[in-house]
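Subject: Structure handover

Hi,

Here is the structure we talked about, with the sequence alongside. Have a look at it first, and then read on for what turned up.

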Amino acid sequence: MPVNQEKEQPRRRQARGERRIAQLLEAAASVFCSTGYAATSTNAIAREAGVSPGTLYQFFPNKEAIAIELSERLMHEMRETYGEALAPVDPATPLEEAVAAAVDRFIDFNCRHPVIFTLMHGPDVPGRIAEQHDAVHTALLARIEALLTPFLPEAPAADISRTAHVCVAMYKAGLELVLGREGAERDAYVQELKNVLLRYLEPLVGNCPPAAPSSTPATPSSVPAAPSSTPGAPVRTPPS
């Protein structure tokens, strides 16, 4: 057999394996959303993917490993989304426009990947996923604080931190309502969420142009991701 052909065969097997993993993760996302993490079984995931349970176990030892792999992939995309949505804004940008742009990016990500909400807030999810969520949440708060600071140069750090926490809490509460709707009704709830955030921030920020920041803060995309799990390898989960 020619050398080039010998090298090509492992690559083809690897590509087929990656496609199968993607197929299983897509099926898992669908089942997690419809039945919840706790009620999901590997048999249900295999059935949704159109494969046998034996095929599933070639790649993942259990549903926990599937959930962790799915979460890690989505967390990577989430960090990129947060970094783009919360990039420094032009001082001339109206507050309403800045809030709307950030909310639209966040909502778009969560509507394309509703399973992330299920995994982040469902009961009995693996502790490793909770750790990933906490890391992204902390980075998100830090980024919002960094964006607010130039608008509130005289405000104590504790006040800015409190404002950032309230903004995130409002968004999370509104997100659950948004994900439960479709079509025009969903759009209406998205607009309501923007209105709530704007009405909260306007009295605090006003129309004052932001002061020049003293340093460039790290973006959420710089938060290190948890080590990727190896498909098919047992996963030890830290306590929640």
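Let me start with the largest pocket, whose lining divides into 22 nonpolar residues, one polar and two charged. Please keep in mind that this is a predicted model. The pocket has a volume of about 520 Å³, and 25 residues line it. If you want to find its centre on screen, look for Leu86, Ala98, Val99, Ala102 and Leu147, which lie nearest to it. Helices H4, H5, H7, H8 and H9 each supply at least two residues of this lining. Which of them gives the most? That is H5, with eight residues.

H5 is also worth following to its contact with H9. H5 covers residues 95–112 and H9 covers residues 183–205; their axes come within 9 Å and cross at roughly 140°. The two helices are therefore oblique to each other, and H5 passes H9 in a right-handed crossing. On the H5 side, the contact uses Leu95, Glu96, Val99, Ala100, Val103, Asp104, Ile107 and Cys111. Facing them in H9 are Arg186, Val190, Leu193, Lys194, Leu197, Leu198, Leu201, Glu202 and Val205. By class, that contact has twelve nonpolar residues, no polar ones and five charged ones. Val99 appears twice in this story: it is one of the residues nearest the centre of the largest pocket, and it is also part of the H5 contact with H9.

Next, the enclosed space. How many cavities of 30 Å³ or more does the structure hold? There is one, with a volume of about 180 Å³. Its lining is made of 14 residues, and Met78, Tyr82, His121, His133 and Lys172 lie nearest the centre. The elements giving two or more residues to this lining are H4 (63–85), H6 (115–121), H7 (127–148) and H8 (157–179). Sorted by class, the lining of the cavity has nine nonpolar, four polar and one charged residues.

Several of those central residues turn up again where the helices meet. Take H4 and H7: their axes come within 10 Å and cross at roughly 5°. H4 and H7 are therefore roughly parallel to each other. From H4, the residues in contact are Ala67, Ile68, Ser71, Glu72, Met75, Met78, Arg79 and Tyr82, and they meet Arg128, Ile129, Gln132, His133, Val136 and Leu140 of H7. That contact divides into eight nonpolar, three polar and three charged residues. So you will see Met78, Tyr82 and His133 both in this contact and among the residues nearest the centre of the cavity.

H7 also meets H8. The axes of H7 and H8 come within 9 Å and cross at roughly 125°, which makes H7 oblique to H8. This crossing is right-handed. H7 brings His133, His137, Leu140, Leu141, Ile144, Glu145 and Leu148 to the contact, while H8 brings Ile160, Ser161, Thr163, Ala164, His165, Val168 and Lys172. There are seven nonpolar, five polar and two charged residues in the contact of H7 with H8. Here again, His133 and Lys172 take part in the contact, and both are listed with the residues nearest the centre of the cavity.

Happy to go through any of this with you on screen.

Best wishes

Note on methods:
Residues numbered from 1 in each chain as written. Predicted model: local features only at pLDDT ≥ 70, side-chain atom pairs only at ≥ 80, totals over all residues. Heavy atoms only, no water. Axes fitted to C-alpha atoms, helices over the stretch in contact; angles between N-to-C directions. Helix = DSSP H or I, 4+ residues; strand = E, 2+ residues; numbered from the N terminus. Parallel < 35°, antiparallel > 145°, perpendicular 65-115°, else oblique. Left-handed = near helix turned anticlockwise from the far one by under 90°. Contact = heavy atoms within 4.5 Å. Nonpolar A, V, L, I, M, F, W, Y, C, P; charged D, E, K, R; others polar. 1 Å grid on protein atoms, 1.4 Å probe; cavity = no way out; pocket = protein on both sides within 12 Å on 5 of 7 lines; lining within 4 Å. Points joined across faces, edges and corners; volume = space filled by probe spheres on them.
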